[in-house]
Amino acid sequence: DDRLQERPRENRSQDIQKAENAERSPRRERNVPVRREEQIERKHRPEPVINPEEIYSENVPERQVVVPVSAAQDVNSQPPVRISHGRQQSPAVPSVSELRRNFGSPQINPKGPSIDSPVSEIPGIGYSNSKALARQDIFTVRDFLYYFPRRYDDYSSFKAINRLVPDESVTIIGVVRSITTGQRGKYQVTEAVISDNTGTIRVTWFNRPWLMHQIRIGMGIVLSGKIDVFLGRPVMSNPDWESADQENITTNRIVPIYALNQNLKQNFLRRMVYNTVRHWTGQLPEFLPESVLESADLLPLQLAISNIHFPDSAVHLRYARERLAFDEIFLMQLCVLSQKQEWTGLSAAVLSADDEQFEERWIKNLPFELTGAQKNALADIRKDMASGHPMNRLVQGDVGSGKTIVASLAALIA
């Protein structure tokens, strides 16, 4: 090598030894720059395709998260937490007839408040909260059952952390890696780092220092909320959370959102509605006969009330809405028919006009001829007025169709 010939003789052996060692070492250890061809190849190399079913499969052991117990924790009181980041396999939604057939008689507790008892008798509400509920026109347990959500947030499916999208409302499940709290200006900020099989996310709660005593390192947790981005990383602010091993009310399901006032909190109201639905739905009487439920393909009332508050799926929510909408229209029609029956049972003065007088003095003296629709309307009105019962009739027509002359002739008869 010419470069070796130019160097002093005493340094040639050292240079030769270094060159031999560099040839035997990997490229990254030799600190040799990567060729431009390799840079282009790496830049345009496609990202590895990740199968969602593989990510969420519970049969892949390397996808499971095993969290060891911290050295500062008691091993006997805090066993390792294993969470398989699996997507819930939602079973096929049964039809309304299947739900109605499998729906047993609800258990009714003879002890305790009845369905018409004041709402203050529900455990956990008390006098002060009953006053706040009264502002929402909730006075009894029945009123509470019929206090329907104004909308819903769908957190029914889990999503991996590495697939989170900004401004998306999702539910994630993971393990608490760390949690701290501190003062930032006028806010008490509690931060936790949550991880699953695919990544980590930072979660922040404001002015909730008590979470330090409720959320423990190593526990499984379910979070539901909106995804934000801070410094290029996904974050969640003030999400709803629950332990991964408890019954989910605010996460991992379609969550009801109720109308509130300044003295009511969403989580408190949701928990109270859940307890009310769970313990008092069985006292709701079913007023539709089984034949009507079958012919109209409707849910039982108790099942509809339960699913309008806490639906098992979007299909169950649709079934519940159909039943309650049917009840609203059906009861309205019954009221109208009942009122009509009461009217027909009453007596009224008989008002009639001689046909010859009606035709000769009034109809023929008009400067125009009545249309067929006007003649039919007058015939129906004359029949009602001569029946001896109160008349309840609406004259409807477009502008210029002749409603005024029909009403005027009816007034002449009276």
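Where is Leu 231 found? Hold that thought; the points below start with the whole chain and come back to this loop.

1. A quick orientation before the details. What you have here is a predicted model. The chain carries 16 helices along with ten strands. Of its 414 residues, 35% count as buried. The exposed surface comes to about 26400 Å², and 50% of that is supplied by carbon and sulfur atoms. Take the contacts between residues at least 6 apart in sequence: 62% of them join residues at least 24 apart.

2. Now back to the opening question. Leu 231 sits in the loop between strand E7 (220–230) and strand E8 (233–237). Have a look at its backbone: phi is positive, about 55 degrees, although Leu 231 is not a glycine. Most residues other than glycine have a negative phi. As for its side of the surface question, Leu 231 is exposed, with a relative accessible area of 74%.

3. Asp 167 is worth a look along with it. This residue lies in the loop between strand E3 (151–154) and strand E4 (169–184). Its phi is near 65 degrees, a positive value in a residue other than glycine. Asp 167 counts as exposed because its relative accessibility is 58%, and the cut-off for exposed is over 50%.

4. Another loop residue to click on is Glu 121, placed between helix H6 (96–102) and helix H7 (126–134). Buried or exposed, or something in between? With a relative accessible area of 41%, Glu 121 is partly exposed. Try pairing Glu 121 with Thr 140: they are 19 residues apart in sequence, and their C-alpha atoms are 9.0 Å apart in space.

5. On to helix packing, beginning with H12 (residues 301–309) and H13 (residues 314–345). Their axes are 8 Å apart, and the packing angle is about 120 degrees, so the two helices are oblique to each other. H12 passes H13 in a left-handed crossing. On the H12 side, the residues that meet H13 are Leu 301, Ala 304, Ile 305, Asn 307 and Ile 308. H13 brings His 316, Leu 317, Ala 320, Arg 321, Arg 323, Leu 324 and Asp 327. Sorted by class, the residues of this H12–H13 contact are seven nonpolar, two polar and three charged.

6. Next come H15 (residues 372–385) and H16 (residues 403–413), which pack at an angle of about 30 degrees with their axes 10 Å apart. H15 and H16 are therefore roughly parallel to each other. Their crossing is right-handed. From H15, the contact uses Gln 374, Ala 377, Leu 378, Ile 381, Arg 382 and Met 385. H16 answers with Ile 405, Val 406, Leu 409, Ala 410 and Ile 413. The residues of the H15–H16 contact divide into nine nonpolar, one polar and one charged.

7. H16 turns up again with helix H14 (residues 355–363). The axes of H14 and H16 come within 12 Å and cross at roughly 130 degrees, so this pair is oblique. The crossing of H14 past H16 is right-handed. Which residues make the contact? Phe 358, Trp 362 and Ile 363 come from H14, while Leu 409, Leu 412 and Ile 413 come from H16. By class, the H14–H16 contact has six nonpolar residues, with no polar and no charged ones.

Note on methods. Residues numbered from 1 in each chain as written. Predicted model: local features only at pLDDT ≥ 70, side-chain atom pairs only at ≥ 80, totals over all residues. Heavy atoms only, no water. Helix = DSSP H or I, 4+ residues; strand = E, 2+ residues; numbered from the N terminus. Buried < 20%, exposed > 50% of the residue type's maximum accessible area, 1.4 Å probe, protein only. Contact = heavy atoms within 4.5 Å. Areas by Shrake-Rupley, 256 points an atom, 1.4 Å probe, with all protein chains shown as cover. Axes fitted to C-alpha atoms, helices over the stretch in contact; angles between N-to-C directions. Parallel < 35°, antiparallel > 145°, perpendicular 65-115°, else oblique. Left-handed = near helix turned anticlockwise from the far one by under 90°. Nonpolar A, V, L, I, M, F, W, Y, C, P; charged D, E, K, R; others polar.
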